[in-house]
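The exercises below are meant to be worked with the sequence and the 3D view side by side. Try each task before reading its solution.

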Amino acid sequence: VLERKGAISFMTLKALSYYDQIWVLDRKSLDYLKNIKEIKGKVKLTPNSIEVKDKVTILPKEFRDIAFIGNLIPEKGIFELIEAVKRVKNNVRLHIVGGGTSEVINRIKINAGNELDNKIMFHGKFSNNEAVLFMKSIDILALPTYMQAEAFPISILEAMSLGKLVISTKRAAIQDMLTGLD
């Protein structure tokens, strides 16, 4: 909006100039906005809001249940995730939760092949509350997205708030959301 230099850009910039602080979710937005003189110094990066303890005792655990929870869109990496899970030799299960077009759902089932209902379970669409309850039963949330318009996936925040391991990509705000313990 700000790059277009039109009336909406002018009004947005004017509105932003009235705020004492402007909090953004990712470094790309931070880097862009902090170079605009009218709001320079007001722009802050929202810190990862999930508390991570300084000292973590990691107990041996078998990470068996992996879930993809989100919109079933090819650019979210769902097909690549299915192929990866099929190749894993140990005893893991992929749970797919989400809604999508019948074409994508059929393709998921075809790609799962003989592993459907064994190693790969398709659950369909859940309400947000049902998805969060289901998330309590998994070990890992996987979101291998390469979607251009990816922003701030709520499923990652929900998984982190439940203490689940999250595996994802460096897309949009995801790299700012995830916190390493190293």
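## Getting oriented

Of the chain's 182 residues, 36% count as buried, where buried means under 20% relative accessible area, exposed over 50% and partly exposed in between (1.4 Å probe, protein chains only). The model is a predicted one, in which local features need pLDDT of at least 70 and side-chain atom pairs count only at pLDDT 80 or more, while totals for chains, interfaces and linings use all residues. Residues are numbered from 1 along each chain as its sequence is written, and side-chain values use heavy atoms, with hydrogens and water left out.

## Exercise 1: the chain as a whole

Task: find how many helices and strands the chain has, and in which pattern they follow one another.

Solution. Begin with the elements, which are DSSP runs numbered from the N terminus (helices are H or I, at least four residues; strands are E, at least two). The chain has seven helices and seven strands. Reading along the sequence then gives the pattern α-β-α-β-β-α-β-α-β-α-β-α-β-α. As for extent, the C-alpha trace spans about 60 × 45 × 30 Å along its principal axes. Finally, take contacts (heavy atoms within 4.5 Å): among those between residues at least 6 apart in sequence, 66% join residues at least 24 apart.

## Exercise 2: the largest nonpolar core

Task: determine which residues have the most contacts inside the largest nonpolar core, and which elements supply it.

Solution. A nonpolar core is a set of buried Ala, Val, Leu, Ile, Met, Phe, Trp, Tyr and Cys residues joined through side-chain atoms within 4.5 Å. The largest one here has 34 residues, and those with the most contacts inside it are Ile69, Ile82, Leu94, Ile96, Ile108 and Ile156. Next, look for the elements that each supply at least two residues of this core, which include strand E3 (65–69), helix H3 (78–87), strand E4 (93–97) and helix H4 (102–112). The most comes from H3, with five residues. Apart from this core lies another, of ten residues, among them Ile22, Leu33, Ile39 and Val43. As a background remark, nonpolar side chains in soluble globular proteins tend to be buried together.

## Exercise 3: two helices and their buried faces

Task: list the buried residues of H3 and of H4, and work out where they lie around each helix.

Solution. Start with H3, whose buried residues are Ile78, Phe79, Leu81, Ile82 and Val85. These cover an arc of only 160° around the axis, which puts them on the same side of H3; the arc is that of the directions from the helix axis to the C-beta atoms. Among what covers them are E3, E4, H4, E5 and E6.

Now turn to H4, where Val104, Ile105, Ile108, Asn111 and Ala112 are buried. Seen down the axis of H4, they fall within an arc of 130°, so they line one face of the helix. They pack against H3, E4 and strand E5 (120–124), whereas the face turned away from this buried side carries the exposed residues Ser102, Glu103 and Ile110. Just after H4, glycine 113 takes a positive phi of about 55°.

## Exercise 4: serine 155 and isoleucine 69

Task: decide whether serine 155 is buried or exposed, and find which residues it touches.

Solution. First place serine 155, which is found in helix H6. With a relative accessible area of 10%, serine 155 is buried. Leaving out residues up to four places away in sequence, serine 155 touches Ile69, Met135, Leu141 and Leu143. Then look from the other side: beyond its neighbours within four places in sequence, isoleucine 69 is in contact with Val97, Ala131, Phe134, Met135, Leu141 and Ser155.

## Exercise 5: two loop residues with positive phi

Task: locate aspartate 117 and alanine 172, and find how accessible each one is.

Solution. Aspartate 117 is found in the loop between H4 and E5, and at 59% relative accessibility it counts as exposed. Its phi is near 70°, a positive value in a residue other than glycine. Alanine 172 lies in the loop between strand E7 (165–168) and H7, and is partly exposed, with a relative accessible area of 30%. The phi of alanine 172 is near 50°, again a positive value in a residue other than glycine.
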